[in-house]
Amino acid sequence: MIINLKTNVTEAKAQELAEKAKAFCIYDGSCYVLINSSSVKELPGGLDADTDEFFVFENDLQLGSRKYQDETRTIQFGNTTLGGSTNHTVVIGGPCSVESEEQIRSSATLMKELGISTLRAGAYKPRTSPYSFQGLGLEGLKLLAKMREEFGLNIITEVRDATQVDDIIEYADIIQIGAKSMYDHGILKKCGKARKPVLLKRGFGTTLQEFVQASEFILSGGNDQVMLCERGIRTFETKTRFTLDLCGVAYLKEHTNFPLILDPSHAMGYAYGVPDLSRACVAMGVDGLLVEVHPDPSVAKSDASQQLNHEQFSDLLGTLRPIAEAVGRKII
Ligand code: PEP
Ligand code: MN
């Protein structure tokens with residue numbers, strides 16, 4: 001249940017009521033809001049006098065549901081706005097990992113030349129083998145911050161454990177929670193307390209219900225700046241790395257108020273499929289597209305097979321603009 005308290009209810013009173021109702025308490029800019037389990041169907045005793053409105057749900061997709069808030073949430077970072085009443089489809093590009101200053105400067109230069117506002121690269125890499133490149137860590141974050149400074153780009157980078165959240169907040173504009181961390185409640189709760197946009201990726205073995213419930217950990221902590229990213233789920237198919245769940249995207253679009261960012265690179269796993277899939281994603285009228293692009297994919301230290309080279313990326317971008325326009329959107 002979600003309970004919107006009257007606007008004259010003070011913070012102290014709201015906290016007291018939250019304790020009584022065993023609920024989370026957040027402030028949404030106009031009033032205090034209490035959130036407890038969707039199994040609660042009737043207003044808890046003693047709340048009548050202070051309640052403005054309450055909402056009953058079938059399951060724990062609550063703050064993120066269109067039933068509670070119909071308009072897609074607005075996300076703001078740097079000079080970029082997405083979701084809400086905008087018709088923006090934000091293209092986010094960059095290499096899988098920050099590998100060196102020369103490499104990331106080459107990526108930043110490309111983004112700037114193409115008019116792309118947001119650069120993405122990993123400094124902390126969640127690799128499936130301990131023997132693979134693990135990322136440059138803090139040094140990588142500092143290189144990203146340097147690119148932000150030099151090129152005026154927004155930076156998005158992944159957090160791999162909760163202890164890194166503060167550094168990422170300092171050096172980046174958007175915190176990415178990767179597929180392998182979607183269930184990491186330490187990270188989710190810490191991001192709930194942050195006041196930075198969060199891009200939450202779907203775990204590759206998770207249902208849509210589990211995915212949206214993970215996002216509720218962030219929202220119920222008081223951070224309303226959450227975007228969801230579909231990046232492919234694991235199916236019986238082995239010819240492609242994962243299966244991009246566009247049906248799931250349609251579900252999320254219909255039932256949730258999150259801006260949706262699609263990542264065809266990690267789904268496909270091979271560069272050859274990424275341009276076609278990107279066009280399909282944009283044709284769905286989504287809020288963003290995340291594509292991995294590397295100055296020389298053949299020597300990339302992670303995800304080499306799926307990254308586009310600069311020429312492929314810039315060709316792709318040219319084809320996305322008319323598709324976006326055809327579905328009433330604008331690539332930014
Ligand atoms: C990434 O974005 O580089 C990444 C590791 O993706 P995912 O978490 O979707 O596997
Ligand atoms: Mn990657």
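Student: Of the 13 residues around ligand 1, which come nearest?

Tutor: Bear in mind that this is a predicted model. A ligand site is read by listing its neighbours, and here Arg 120, Gln 176, Ala 179, Lys 201 and Arg 231 come nearest among the 13 residues around ligand 1.

Student: Which atoms of Ala 179 and Arg 231 lie at a short listed distance from an oxygen atom of ligand 1?

Tutor: A polar contact is a pair of N or O atoms within 3.5 Å, so one asks whether each atom belongs to the backbone or to a side chain. For Arg 231 it is an N or O atom in the side chain, 2.6 Å from an oxygen atom of ligand 1, whereas for Ala 179 a backbone N or O atom lies 2.8 Å from an oxygen atom of the ligand. Lys 125 also takes part, with an N or O atom of its side chain 3.0 Å from an oxygen atom of ligand 1.

Student: Which residues coordinate the manganese ion, ligand 2?

Tutor: For a metal, one reads the donor atoms and then their places in the sequence. The manganese ion is coordinated by SG of Cys 96, NE2 of His 266, OE of Glu 292 and OD of Asp 303, at 2.1 to 2.3 Å, and the spacing of these donor residues in sequence is C-x169-H-x25-E-x10-D. Of these donors, Glu 292 belongs to strand 14 (residues 288-292), while Asp 303, 11 residues apart from Glu 292, sits in the loop between strand 14 and helix 10 (310-326).

Student: Are Glu 292 and Asp 303 buried or exposed?

Tutor: Both Glu 292 and Asp 303 are buried.

Student: How many residues line the largest pocket, and which lie nearest its centre?

Tutor: A pocket is read by its volume, its lining and the classes of residue in that lining. The largest pocket holds about 390 Å³ of space and is lined by 23 residues, with Pro 126, Lys 180, Arg 241, His 266 and Asp 303 nearest its centre. By class, this lining divides into five nonpolar, seven polar and 11 charged residues. Two of the residues nearest the centre, His 266 and Asp 303, are also among the donors to the manganese ion.

Student: What lines the largest cavity, and which elements each supply at least two residues?

Tutor: The structure holds one cavity of 30 Å³ or more, and the largest cavity has a volume of about 30 Å³. Its lining includes Phe 211, Leu 228, Glu 230, Val 249 and Ile 261, and strand 12 (226-230), helix 7 (246-255) and strand 13 (260-262) each supply at least two of the lining residues. By class, the lining of this cavity has eight nonpolar, no polar and one charged residues.

Definitions and conventions: Residues are numbered from 1 along each chain as its sequence is written. Chains are lettered from A and ligands numbered from 1 in the order in which they are written. This is a predicted model: local features need pLDDT of at least 70, side-chain atom pairs count only at pLDDT 80 or more; totals for chains, interfaces and linings use all residues. Side-chain values use heavy atoms; hydrogens and water are left out. Donors are N, O and S atoms within 2.8 Å of the metal (3.2 Å for Na, K and Ca); water is not among the atoms, so sites may look incomplete. Helices (H or I, at least four residues) and strands (E, at least two) are DSSP runs, numbered from the N terminus. Buried means under 20% relative accessible area, exposed over 50%, partly exposed in between (1.4 Å probe, protein chains only). On a 1 Å grid over the protein atoms alone, a cavity is a set of points where a 1.4 Å probe fits but cannot get out, and a pocket is an open set with protein on both sides within 12 Å along at least five of seven lines; lining residues have an atom within 4 Å of a point. Grid points are joined across faces, edges and corners, and a volume is the space filled by probe spheres set on the points. Ala, Val, Leu, Ile, Met, Phe, Trp, Tyr, Cys and Pro count as nonpolar, Asp, Glu, Lys and Arg as charged, and the others, Gly among them, as polar. A residue is near a molecule or strand if one of its heavy atoms lies within 4 Å of it. A polar contact is a pair of N or O atoms within 3.5 Å; within protein, one must be able to donate a hydrogen and the other to accept it, and residues adjacent in sequence count only if both atoms are side-chain atoms.
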